[in-house]
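Get your viewer open and your selection tool ready. We'll go stop by stop, with a note on what to pick each time.

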Amino acid sequence: MGLGQLRATKRRPSAAIAGFVASGLVAACSFAPNHVRPPSPVPNQFPGETDASESIATVGWRDLFRQPELARLIEEALANNRDVRIAATRVAEARAAWRIEGASLYPQLDAVGTGTRGRTLFNLPVTGATPVDVRQISAQLSASWEIDFWGRLRNLRDAARWQYLATEEARRAVATGLVAQVANGYLLEREYEERAALARKSIETREGSLRIMRRRYEVGSGSKLDMTQVQTLLAQARMTLQALEQDRDVNRNALALLVGRPVDIAPGTLSLTQVPEDLAVPTGLPSELLANRPDIVAAEHRLRAADANIGAARAAFFPNISLTGAYGTMSDQLDGLFSGGSEAWSFTPTISLPLFNAGRMKGNLDVARARQERAIAEYEQVIQGAFRDVSDALVRRRQLRLQIGTTRELLEAQRERARLAQLRFDNGRSAYLEVLDAQRDLFDAEQALVQLRRAELASLVALYAALGGGFVADRGFERDASATDRGQP
């Protein structure tokens, strides 16, 4: 068909060929195995859990982490973090690969224009060599189409589709992990803030004690040993404060990397939500992990891709049917390219059957089957790892609550001990060493309680991430998945 003007040909493929193509499309089949989700390799209930309410994973991170400053940090991290950007580019790459595989199902149409000019010699027995000038100009539309009678191309497209969906889930896993990292960094900032405040208060108190003990030593009513003991205790408190400030600066650098900019967090309390800390956190059933955990969903998508690759490898054993055609014009002069009688067309159905390839196709099928077995094992392994993550978070959460209760009792006892030790020293009934020991133990108990409170809140973050929370109702590929069922990339 000419590039300048298109005219319908008077000769069309026969109705028999059209009927053959239509029947091939209707009868197209697939050799991919039916996907069957492997049985869950973990118990039906988490250890020590009896509450089968809806999992906390279904709660969006904005509804769980209600501290305005924390929510702002998470939003900025999701927008600026480079790991999230890298994951997004992988999603775009996988989607483009799926589109490439899907394009093979449709005919390929090309417009081709060629021009040839040259000279050749004909060796004739009588007249000898005679030069002949050759000029040829042609313009045509060419089309080729592989009929996917056995489902090879469709299986390759489906494999690319499931890989794309697995990559999308991997992006969601990165985002979920990022939310947990930012929340933990925020908690560490609050922990260092509270512990530093306790250290400053202790430094202030010990500086006052040092002034008193120095004055007593100067007037002869106290010993130098008591004064140096107070100096030692003061130096220990200052060292603790300096270490806390160092750790806080390092943590802020880590937060800056996550958020994508330097962070300056305003003073606040050590908390994540507006709900009571002892509120029960529903975990749901382990079966819900199959739908909530992005790494499990991604592993199942990869298993589906392996099933589709088996179908493509099986279809390669059967005949390949393709149609090739061309229609255009040809002339030795440009002005005669579209004149009457210059039309040219061709139609070439082709069927090819593999007879011998030294076991290459059998090897491809064995590779596809081995990859499917590996995908099954990886799927089960991911489920087991997720079950362990949730179980570990539950154990830590239960034990930390017990430790917090015990430490609070210890802290009250240490406060009373420090008060009594001071009274005994003031009344001359004990040495100042008893007061120093009591103050040191009180300071350690105060620091430990803050650390345990932060760890208990961090266990909530770990449990939330282990259950797959954050983006359960925010999957960007749900609209695309419905399109893939119709074969649309």
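Some vocabulary for the last stop: on a 1 Å grid over the protein atoms alone, a cavity is a set of points where a 1.4 Å probe fits but cannot get out, and lining residues have an atom within 4 Å of a point. Grid points are joined across faces, edges and corners, and a volume is the space filled by probe spheres set on the points.

You're looking at a predicted model, where local features need pLDDT of at least 70, side-chain atom pairs count only at pLDDT 80 or more, and totals for chains, interfaces and linings use all residues. Residues are numbered from 1 along each chain as its sequence is written, and side-chain values use heavy atoms, with hydrogens and water left out.

**Stop 1: helix α4**

Select residues 82–103, which make up α4. Helices here are DSSP runs (H or I, at least four residues), numbered from the N terminus. The end C-alpha atoms of α4 are 32 Å apart, which agrees with the span expected for 22 residues at 1.5 Å a residue (1.5 Å times one less than the number of residues).

Now colour V84, A87, V91, A94, W98 and G102: these are the buried residues of α4 (buried is under 20% relative accessible area, exposed over 50%, with a 1.4 Å probe and protein chains only). They sit on the same side of α4, because they cover an arc of only 80 degrees around the axis, going by the directions from the helix axis to the C-beta atoms. An α-helix has 3.6 residues a turn, so residues three or four places apart point the same way. Swing round to the other side of α4 for T89, E93 and I100, which are exposed.

Next, pick N81 at the N-terminal end of α4. N81 caps that end, with a side-chain oxygen 2.9 Å from the backbone nitrogen of D83.

**Stop 2: helix α8**

Select residues 294–315 for α8. Is this one enclosed or open? Of its 22 residues, 17 are buried, so α8 is largely enclosed by the rest of the structure.

**Stop 3: L394**

Find L394 in helix α9 (residues 360–426). At 5% relative accessibility, L394 counts as buried. Show E49 too: it is 345 residues from L394 along the chain, yet their C-alpha atoms are separated by 8.7 Å.

**Stop 4: a cavity**

The count comes to two cavities of 30 Å³ or more. The second largest holds about 30 Å³ of space. To find it, select its lining: F65, T176, V179, A180, Y464, A465, G469 and G470. Helices α5 (152–219) and α10 (432–466) each give two or more residues to that lining, and α5 has the largest share, three residues.

Definitions and conventions:
Polar contact = N/O pair within 3.5 Å; in protein donor to acceptor, adjacent residues only side chain to side chain. 1 Å grid on protein atoms, 1.4 Å probe; cavity = no way out; pocket = protein on both sides within 12 Å on 5 of 7 lines; lining within 4 Å.
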